[in-house]
Amino acid sequence: MPDLTYLYAVAREPLPCPPGVAGAPVRTVTCSGLVAYVSSVPLEQFGEEPLRRSLEDLDWLAETARAHHRVVDAVAAATTTAPVRLVTVYGDDAQVAELLERRAAAFAEVLAHVTGRREWGVKAYSSPQEEPVNAGEGHGGGRACEGDRQASRPGTAYLQHRRATLRGREQARRQALQRADHIHRALTALAAAGHRHRAQDPRLSGRDDVMLLNGAYLVDEAREEEFAARAGELGGDGVEIRLTGPWAPYSFTVMEPA
Amino acid sequence: MRRDVVACEQLPPERVALVDLLDRLLAGGVVVTGDLVLSIADIDLVHISLRTLLVSADELEGSL
Amino acid sequence: MDTPRWRVTADPDTVERDLSRLVLTLVELVRQLVERQCVRRMEQGNLTDEQIEVLGVTLMRLEGAMTDLCERFDLAPEDLNLDLGPLGTLLPTQ
């Protein structure tokens, strides 16, 4: 069965890099001043049908994602790179060359956008707080009971307590969203671009607190220290900040459709 | 920087959290369509079944 | 090369337990919706003191009944939920 050509990234220089998905060695296809990093992969693993099944296997996905990332990361560390989405597969190298020629201008624009910049991830979590008791409802802590009135009107006391809990949660949620927006805006101001990813599924992240922000920022290399310092300042008061990076600019490579 | 609330993770590629990687690889990167065999954009990722898998924070911390 | 090890949990529920879990989840959904509606109407001043008291007692008993039923079927409160995939969960996870 003929192999397919798997595409990792596009840059301007051919450089050595580690093996990629399915343990396949990585090579380059050059055209129109652009260099595509590719591997040959078997149809029986990367054809449409087998792929649908493979993607439901988290072990396969993890291994493939890490291999893909290893290649992209190595290239991006050495030269300006436009990472390509996971599992982008072409019929053969000739089609990849044709892609480079046809979309040369778009790739050039993406590469210009990310030159001299790296991606940093900033995630914000809301640290667990004690459940706030509605200030208007009586004394702090515990049930909002009104002395011996509770005994005579337990239903009312119950509803009032439920109200305090629900409204307290809503207020906390609103405040958290505002905080997340504030952090995102402050960091985007220091970056060439900012992007918010979806909040991570707690089953994958292993965290049980609430993720307020899953941000990615394209930062000039000269401003990285300033950016990291600012990210740190934006935490506190019940918000934990986690900074990851540097990443290849995955989140900033949108190309206009052909 | 307030160290009590900030954690900076500058990890080698094998040690980055898988969840952070998937955020970028599944929803980031150049998407090229047309005249190619297959792109992940064509596949309905909603069907990735997480239901049968259980991950604990320890496993993620300990995974190398 | 190391990859993360993911534990696969075999599904231990019997068909009967799945069914009771589904039914109780839906009952819990209705209970939470009714409770929120009552709170809203109480705040809006649409209820008399008597109505508030009667509704409150009913909801309180309903909450107690749900707790009993969960115990009877060996279900924890967190078990009462439905995963709607991209839409998240049916009930809030708090």
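**Chatting through a hairpin, a shaky chain and crossing helices**

Colleague: Let's start with chain A. What do E2(A) and E3(A) form, and how many residues sit between them?
Modeller: They make a hairpin, with 2 residues between the strands. A:Ser32 is in the turn and has a positive phi of about 55°. Keep in mind that this is a predicted model.

Colleague: Do the two strands pair in the parallel or antiparallel sense, and over how many bridges?
Modeller: Antiparallel, over 5 bridges. E2 covers residues 27–31 of chain A, and E3 covers residues 34–41 of chain A.

Colleague: Which residue stands opposite A:Arg27?
Modeller: That's A:Val38, over in E3(A).

Colleague: Switching to chain B. How many helices and strands does it have?
Modeller: Chain B has 2 helices and 3 strands. Going along the sequence, you get the pattern β-α-β-β-α. Of its 64 residues, 27% are buried.

Colleague: And what pLDDT does chain B average?
Modeller: The average is 59, and 41% of the residues score at least 70.

Colleague: Where in chain B is confidence lowest, and where is it highest?
Modeller: Strand E3 (residues 53–54) of chain B is the low point, with a mean of 33. The high point is helix H1 (residues 18–27) of chain B, at 84. Over residues 44–64 of chain B the pLDDT is below 50, though in the model this stretch has 34 contacts beyond near neighbours in sequence.

Colleague: OK, on to chains A and C. At what angle do H7(A) and H1(C) pack?
Modeller: About 95°, with the axes 10 Å apart. Angles of 65 to 115 degrees count as roughly perpendicular, so H7(A) is roughly perpendicular to H1(C).

Colleague: Which residues of H7(A) meet H1(C)?
Modeller: A:Leu159, A:Arg162, A:Arg163 and A:Leu166 do, and their partners in H1(C) include C:Glu35, C:Val39 and C:Met42. The residues of this contact divide into 5 nonpolar, 5 charged and no polar.

Colleague: What about H7(A) and H2(C), how do their axes cross?
Modeller: They cross at roughly 75° and come within 7 Å. That angle makes H7(A) roughly perpendicular to H2(C).

Colleague: Which residues of H7(A) meet H2(C)?
Modeller: A:Pro154, A:Gly155, A:Thr156, A:Tyr158 and A:Leu159. Among the H2(C) residues they meet are C:Ile52, C:Leu55, C:Gly56 and C:Met60.

Colleague: How many residues of that contact are nonpolar, polar and charged?
Modeller: You get 9 nonpolar, 3 polar and 1 charged for H7(A) with H2(C).

Notes. Residues numbered from 1 in each chain as written. Chains lettered and ligands numbered in written order. Predicted model: local features only at pLDDT ≥ 70, side-chain atom pairs only at ≥ 80, totals over all residues. Pairing = 2+ DSSP bridges. Helix = DSSP H or I, 4+ residues; strand = E, 2+ residues; numbered from the N terminus. pLDDT = per-residue confidence, 0-100. Contact = placed C-beta atoms within 7 Å. Buried ≥ 20, exposed ≤ 12 C-beta atoms within 10 Å, placed from the backbone. Axes fitted to C-alpha atoms, helices over the stretch in contact; angles between N-to-C directions. Parallel < 35°, antiparallel > 145°, perpendicular 65-115°, else oblique. Nonpolar A, V, L, I, M, F, W, Y, C, P; charged D, E, K, R; others polar.
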